[in-house]
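Visitor: I have a structure on my screen and want to learn how to read a helix. Where do I start?

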Amino acid sequence: MLPLLLFNVISSLVVDKATDLATEHVESMIDDLLPKEAQKELDKAIKEDPAHQFTNAKEALMAAVEG
């Protein structure tokens with residue numbers, strides 16, 4: 001539950017800044033903001049969610065930025 005909540009917070013921040021944020025910066029944001037263990041946990045939660053086709057948080061956030 002916590003990883004998905006964390007993803008929702010990050011996603012909303014990215015979408016809010018999407019007009020000023022280049023998609024190539026999304027990956028570095030995740031790497032800079034989240035510890036590796038949290039990234040792994042978040043990626044696992046994203047991959048296990050049957051509501052979409054994404055396999056990790058970076059893919060899902062890139063899609064959110066792209067609209």
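Guide: Start with one helix and ask what is hidden. This is a predicted model. In α3, the buried residues are Q39, L42, A45 and I46.

Visitor: How do the buried residues of α3 fall when seen down its axis?

Guide: Look along the axis of α3. Its buried residues fall within an arc of 130°, so they line one face of the helix. The general idea is simple. An α-helix has 3.6 residues a turn, so residues three or four places apart point the same way.

Visitor: Which residues are exposed on the other side of α3?

Guide: There you find K36, E37, K40, K44, K47 and E48, which are exposed.

Visitor: How many residues does helix α3 have, and how far does it reach?

Guide: Helix α3 covers residues 36-48, which is 13 residues. From its first C-alpha to its last it reaches 18 Å, close to the 18 Å expected at 1.5 Å a residue.

Visitor: Now charges. What should I look for?

Guide: Side chains of opposite charge can pair when their charged atoms come close. This structure holds two salt bridges.

Visitor: Which residue pairs with K44, and how far apart are the closest N and O atoms?

Guide: K44 pairs with E48, and the closest N and O atoms are 3.9 Å apart. The cut-off for a salt bridge is 4 Å, so this pair counts. Both residues lie in α3, four residues apart, about one turn of the helix.

Visitor: Are K44 and E48 buried or exposed?

Guide: K44 has 52% relative accessibility and counts as exposed. E48 is exposed too, at 55%. The cut-off for exposed is over 50%.

Visitor: What about the salt bridge of D31?

Guide: D31 pairs with K58, with the closest N and O atoms 3.0 Å apart. This pair links distant parts of the chain. D31 sits in helix α2 (residues 24-33) and K58 in helix α4 (residues 57-66), 27 residues apart.

Visitor: How accessible are D31 and K58?

Guide: D31 is partly exposed, at 29% relative accessibility. K58 is partly exposed as well, at 23%.

Visitor: Let me step back. What secondary structure does the whole chain have?

Guide: The protein chain has four helices and zero strands. From the N terminus on, the order is α-α-α-α.

Visitor: What share of the contacts joins residues 24 or more positions apart?

Guide: Count the contacts with a separation of 6 or more. Residues 24 or more positions apart account for 60% of them.

Visitor: And how much of the chain is buried?

Guide: Buried residues make up 27% of its 67 residues. The accessible surface comes to about 4,600 Å², and 58% of that belongs to carbon and sulfur atoms.

Definitions and conventions. Residues numbered from 1 in each chain as written. Predicted model: local features only at pLDDT ≥ 70, side-chain atom pairs only at ≥ 80, totals over all residues. Heavy atoms only, no water. Helix = DSSP H or I, 4+ residues; strand = E, 2+ residues; numbered from the N terminus. Buried < 20%, exposed > 50% of the residue type's maximum accessible area, 1.4 Å probe, protein only. Contact = heavy atoms within 4.5 Å. Areas by Shrake-Rupley, 256 points an atom, 1.4 Å probe, with all protein chains shown as cover. Expected span 1.5 Å × (residues − 1). Arc of directions from axis to C-beta. Salt bridge = Lys/Arg side-chain N within 4 Å of Asp/Glu carboxyl O.
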